[in-house]
Amino acid sequence: MTTQLKTRPKPKAVKTDKNSTLDLIIIGGGPAGLTAALYALRARLKVLLVEKMILGGAASTTFQIENYPGFPEGLSGLELGKRLQEQVNKLNLEILWGDSTRVKDRQVQVDGKTLSAKAIIIATGTESTKLGIPGEDKFRGRGVSYCATCDGPFYKDKNVMVIGGGNAAIEEALFLTRYASKVSVVHRRDKLRADKILGERALANEKIYFYWNSIAEKIGGQEKVDELTVKDLLTDKKFKVPVDGIFVYIGSQPNSTLVKGLVKLDKQGFIITDEDMKTSTQGVFAAGDIRAKSLRQIVTAAADGAIAAESARKYIEEKQ
Ligand code: NAP
């Protein structure tokens with residue numbers, strides 16, 4: 001039997017506010033939030049998880065995860081999300097589908113309602129960085145995409161470009177070769193940031209071409225994208241490349257607006273924690289990609305979630 005990955009259904013009434021007896025509110029249903037829920041529920045805490053879009057987080061848009069321990073053949077992000085969901089379903093995780101806009105002390109604003117708990121875990125992850133070039137907004141959804149897994153199949157036998165040189169860009173460039181006839185990677189340096197194994201695979205792939213030391217300057221088209229202006233940073237020369245689709249993978253920004261002023265953030269806006277996932281505010285913990293840390297991976301997100309749940313449990317018990 002397969003489980004559908006849960007996406008946001010119609011809003012429903014939930015137990016809210018001051019009289020709530022919740023122990024823990026977890027904001028974000030990616031691998032960090034779901035793992036935190038798993039550990040907290042097994043500790044018999046009363047948990048509510050708030051998610052605005054889809055369980056599984058950004059990882060669920062990854063076509064193939066090859067570096068999650070214990071899965072030698074790899075597994076899709078969707079499959080991992082489904083398995084995590086099945087695991088928390090068994091423990092009857094309560095989910096509130098909504099947008100958390102603000103966290104203050106131990107209260108969370110969700111779509112205008114206030115929820116309270118003894119502790120809170122922020123696991124809101126990141127969102128794609130935008131190029132900020134002309135044409136990007138205009139052609140979003142009409143040739144400009146931030147998700148190859150979602151949109152790749154629309155580009156069968158087409159010519160696409162990927163912007164970026166990190167793990168995401170190279171993984172998704174490789175994925176796009178399943179459909180597109182040509183995949184060009186535009187990278188601002190002459191060396192990839194991506195893991196060596198991915199770089200080697202991309203360099204060996206005859207469908208993948210590279211524009212090294214180059215940046216995307218302008219996206220053009222009529223109804224949809226039909227060209228990208230590329231600038232060579234070594235010569236300053238600009239040239240127009242005909243293209244059907246542009247996939248942007250130039251990193252990510254933390255979704256931390258909801259805790260601005262509540263917890264300490266680093267310069268980029270990631271939440272600073274100690275190794276127990278404690279933030280600068282008592283009773284508020286953070287886990288996963290939202291945290292200031294050196295390795296953003298599913299395995300580190302899951303580990304963060306487990307630690308955050310355990311720290312929250314101890315915090316709640318000490319307060320009682
Ligand atoms: P990333 O590792 O930060 O790489 C971003 C890439 O975009 C870099 O190559 C960077 O160039 C380039 N870039 C940044 N700003 C740019 C701009 N304004 N114009 C042009 N290029 C720009 O981001 P990511 O690939 O999205 O990955 C995010 C995190 O998720 C990372 O920690 C990554 O390891 C993790 N991740 C892991 C996997 C995996 O392990 N399989 C898969 C996906 C993501 P420079 O190299 O010159 O800085």
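User: What is the strand order of the open sheet of 5 strands?
Analyst: This is a predicted model. The strands of this open sheet pair in parallel. Read across the sheet, their order is β3-β2-β1-β7-β18.

User: Why is one side of β3 and of β18 left without a neighbour in the sheet?
Analyst: Strands of a sheet pair through backbone hydrogen bonds, either parallel or antiparallel. β3 covers 94-97 and β18 covers 284-286. One side of each has no neighbour because β3 and β18 stand at the edges, each with a single partner strand.

User: By how many degrees are neighbouring strands of this sheet turned against each other on average?
Analyst: Take the sheet with the order β3-β2-β1-β7-β18. Direction is ignored for this angle. The average turn between neighbouring strands is 20 degrees.

User: Which residue in β2 stands opposite L24?
Analyst: Strand β1 spans residues 24-27, and strand β2 spans residues 47-51. The two pair in the parallel sense over 4 bridges. Opposite L24 stands a residue of β2, V47.

User: Which strands does α1 touch where it packs on the sheet?
Analyst: Helix α1 is made of residues 31-42. Its direction makes about 170 degrees with that of β2. The strands touched by α1 are β1, β2 and β7.

User: At about what angle does α6 run to β7?
Analyst: Helix α6 holds residues 298-319. α6 lies across β1, β7 and β18. Its angle to β7 is about 165 degrees.

User: At roughly what angle do the axes of α1 and α6 cross?
Analyst: The two axes come within 7 Å. α1 passes α6 in a right-handed crossing. The axes cross at roughly 35 degrees.

User: How many nonpolar residues are in the contact of α1 with α6?
Analyst: From α1 come P31, A32, T35, A36, Y39 and A40. They meet I298, A301, A302, G305, A306 and A309 in α6. Of the residues in this contact, 2 are polar and none is charged. The nonpolar count is 10.

User: Which strands are at the edges of the open sheet of 3 strands?
Analyst: This sheet has the order β4-β5-β6, with antiparallel pairing. The twist averages 25 degrees from one strand to the next. Each edge strand pairs on one side only. The edge strands are β4 (100-104) and β6 (113-116).

User: In β6, which residue is the bridge partner of Q109?
Analyst: Strand β5 covers residues 107-110, and 4 bridges join β5 to β6. The two strands run antiparallel. One of the bridges pairs V108 with L115. The partner of Q109 is T114.

User: Which residue in the turn of the β5 and β6 hairpin has a positive phi?
Analyst: The hairpin has 2 residues between its strands. One residue in the turn has a positive phi of about 45 degrees. That residue is D111.

User: How far from an oxygen atom of the ligand is a polar side-chain atom of R189?
Analyst: The ligand is surrounded by 16 residues; the closest are N67, E171, R189, R193 and Q297. Polar backbone atoms also approach ligand oxygen: G166 at 3.2 Å, and A168 at 3.0 Å. For the side chain of R189, the distance is 2.7 Å.

Conventions
Residues are numbered from 1 along each chain as its sequence is written. This is a predicted model: local features need pLDDT of at least 70, side-chain atom pairs count only at pLDDT 80 or more; totals for chains, interfaces and linings use all residues. Side-chain values use heavy atoms; hydrogens and water are left out. Axes are lines fitted to C-alpha atoms, for helices over the stretch in contact, and angles run from 0 to 180 degrees between N-to-C directions. A crossing is left-handed if the near helix is turned anticlockwise from the far one by less than a right angle, and right-handed if clockwise. Contact means heavy atoms within 4.5 Å. Ala, Val, Leu, Ile, Met, Phe, Trp, Tyr, Cys and Pro count as nonpolar, Asp, Glu, Lys and Arg as charged, and the others, Gly among them, as polar. Two strands pair if DSSP finds at least two bridges between them. A residue is near a molecule or strand if one of its heavy atoms lies within 4 Å of it. A polar contact is a pair of N or O atoms within 3.5 Å; within protein, one must be able to donate a hydrogen and the other to accept it, and residues adjacent in sequence count only if both atoms are side-chain atoms.
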